[in-house]
Amino acid sequence: MTTTLLSRPGSDEISIAEATASADPAGPTLRAQYLDPRDLVDNPRNLRTDVGDLSDLTASMTVVGVLCPLVAIPAPDQPNAFQLIIGHRRKYAAIELGMEHVPVWVASDEGAAAQIVAQLAENGHRVGLTPTEEAEAFHQLTLLDWSPEQIATVRAIPTAKVKQTLKLRELPQAARGAADAGTLTLEDASALTEFTEDPAALDRILKGTGSGWGFRHAIAAERSKRTFAAAKERAKAELVLAGVKVTSKPKGYPYSGTAVAATQLADANGNPLAPEMFPTLAGLAAFVEKIGDHAQTTFYCAEPDRHGYQRLSYGSRRGVTEEERARREAAEQARAEYLAGLTVAAEVRREFYRTAYGSARAVKRLFLEALRATVVDGLRFHDVDGLYATLGGVDGAAAAMAREDKLRRCLVAQWICVQERNLGYAARDETWALDDEAAVAWLDQLVADGYTLSETETTLRDSLGRDPQDELPNDEDTDESTAADAEDPDFADVDAETEQADGVAADDDVLAAPHTAQEPEPEATGPEADDLSDADELADVEEQTFDDEPVSGES
């Protein structure tokens, strides 16, 4: 591409007409001119809807002028005019300062795609586009057959971010506004697209955007509702195909009225009705209701005597008043919703474990508590849905050959599984097995590490009856534990080597302090991502020994 060098105007002003007349269609494709900013036509395809605060820009231009020329092309359908591609903010800043001329690169038509990419690059170095504006820009590129991968290459950003940004266009204004305001991340906004046809659900979810984990709880709750609705419709369809009459739940059931559950009926010979025969038996109907987090089908008979069924003596709950029936139903429903909420919250909580505790860094923060629990109480370890391996734990031969840093990580992973299994008792309504004190301490630990409790988790924590502030470490506790770590040369050496292997400074005071209340940084997780023991990235620590006194034969 050839260029014409820029020269400042003399005493004679250069008009747009003169600049246009000097342009030779067969000549250079890029030339420089000084043009009156008032004569430059705004680009109708400009992505920016507001030039924003110009005070900093005008202050700079007052001292040094326009350091970077604007970019324009011949205006389509407007003879003797130039249309801006880049420099709208500088144009209006120059007008505000009363400048008569600004330097402009005048280019031939570079194509719509080049204009958009140029604007993005320019805006990225100045006042950034809002996520919504950037989504519109990316969309324009896709209309010109640009793929997300091509856009990502030009913008030097991950392809996943481009795809997430594009999904913003599918969301209602409230969600786009939350993204522009910074209360909704692109990843979270991308998750909202599955609810675009349910405005009520979107409104409920957006109320949880005060924190990232609060938002994820709201998403999980709405997904649970959708899962139940789909399961309910599927169960009804299967009943209809089987020839079963499907009804709503009978009024007063099971406390009053004539309807009796099929499980409480026997045939004329006194034999209990077989569940596998329910769909084929005369007089039976069914309804589907939400029990916990799933859809449950209940078979019943509205008129047992008419169809020759006998009532079994056990399980009868007849003879209660209407008020008592309503109270019991409300209590049962509330309890079921509470347990379902704990089950849904567990999914989000385990996602937090993978994010916050799936790396060697987390080992340093949690190792002391895990070790203390092991020494004092002993760990009765049981894996929870593969969580142990997700957090970097290994078993069998791998554990037998593991080095010290890997064993520390295994211990922390086991300890987390123990805490999660304990909370699982509450979700399964097995409160007799729940360790209340450990549950409170663990929920408080999660909050201190950046987690947001769901409503049901908060209810659980409050029901256990202790003030979270009582459990948070004070400065003396933190200083004491940090000092203890510093006095242990084996712990210090391994931690320093582990941090160096992870690209983390060994003297990172934030990471050295347990119970640090900060949002965890996303990082690679899993046994492969941070397996320092197998990667030979650490110095050999096998010859290290602890300075403890030899253990005597006395217990």
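Ring pairs tie W213, F352, Y353, Y357, W415, W442 and Y451 into a cluster. The model is predicted. Its aromatic pairs number 13. In one of them, the ring centres of W213 and F352 are 5.3 Å apart, and the planes meet at 85 degrees, so the pair is edge-to-face. This pair bridges distant parts of the chain: W213 belongs to helix α11 (residues 212-241) and F352 to helix α12 (residues 322-357), with their positions 139 residues apart.

A second pair in the cluster joins Y357 and W442. Their ring centres lie 6.0 Å apart with planes at 40 degrees, so the geometry is tilted. Again the link spans distant parts of the chain: Y357 is in helix α12, W442 is in helix α17 (residues 436-448), and the two are 85 residues apart.

Are these four rings buried or exposed? The table gives the relative accessible areas.

| Residue | Relative accessible area | State |
|---|---|---|
| W213 | 3% | buried |
| F352 | 0% | buried |
| Y357 | 2% | buried |
| W442 | 1% | buried |

The cut-off for buried is under 20% relative accessible area. W213 counts as buried because its value is 3%. F352, at 0%, is buried as well.

**Charges over rings**

Two aromatic faces carry a charged side chain. K290 lies over the face of F228, 5.8 Å from the ring centre. R408 places its charged end over the ring of F367, at 4.5 Å from the centre.

**The sheet**

Which strands make up the open sheet, and in what order? There are 4, arranged β7-β10-β11-β8, and their pairing is mixed. The edges are β7 (245-246) and β8 (260-261), each of which pairs on one side only. In general, strands of a sheet pair through backbone hydrogen bonds, parallel or antiparallel. Between them in the order sit β10 and β11. Strand β10 (residues 284-291) and strand β11 (residues 294-301) run antiparallel and are joined by 8 bridges. One partnership can be named: V288 has T297 in β11 as its bridge partner.

T298 is also in strand β11. Is T298 buried or exposed? It is buried, because its relative accessibility is 11%, and the cut-off for that class is under 20%. Setting aside neighbours within four places in sequence, T298 contacts Y253, A285, A286, F287 and E289.

**A residue on helix α13**

R372 sits in helix α13 (residues 360-376). With a relative accessible area of 41%, R372 is partly exposed. That class lies between the buried limit of 20% and the exposed limit of 50%. The side chain of R372 makes a polar contact of 2.9 Å with the side chain of E369.

**The whole protein**

How many helices and strands does the protein have? The count is 22 helices and 12 strands. Of its 555 residues, 41% are buried. The accessible surface is about 29500 Å², and carbon and sulfur atoms account for 51% of that area. Contacts between residues at least 6 apart in sequence reach far along the chain: 73% of them join residues at least 24 apart. The two ring pairs described above fit this picture, W213 with F352 at 139 residues and Y357 with W442 at 85 residues.

Conventions
Residues numbered from 1 in each chain as written. Predicted model: local features only at pLDDT ≥ 70, side-chain atom pairs only at ≥ 80, totals over all residues. Heavy atoms only, no water. Pairing = 2+ DSSP bridges. Buried < 20%, exposed > 50% of the residue type's maximum accessible area, 1.4 Å probe, protein only. Polar contact = N/O pair within 3.5 Å; in protein donor to acceptor, adjacent residues only side chain to side chain. Phe/Tyr/Trp six-rings, centres within 6.5 Å; stacked < 30°, edge-to-face > 60°. Lys NZ or Arg CZ within 6 Å of the ring centre and 35° of its normal. Contact = heavy atoms within 4.5 Å. Areas by Shrake-Rupley, 256 points an atom, 1.4 Å probe, with all protein chains shown as cover.
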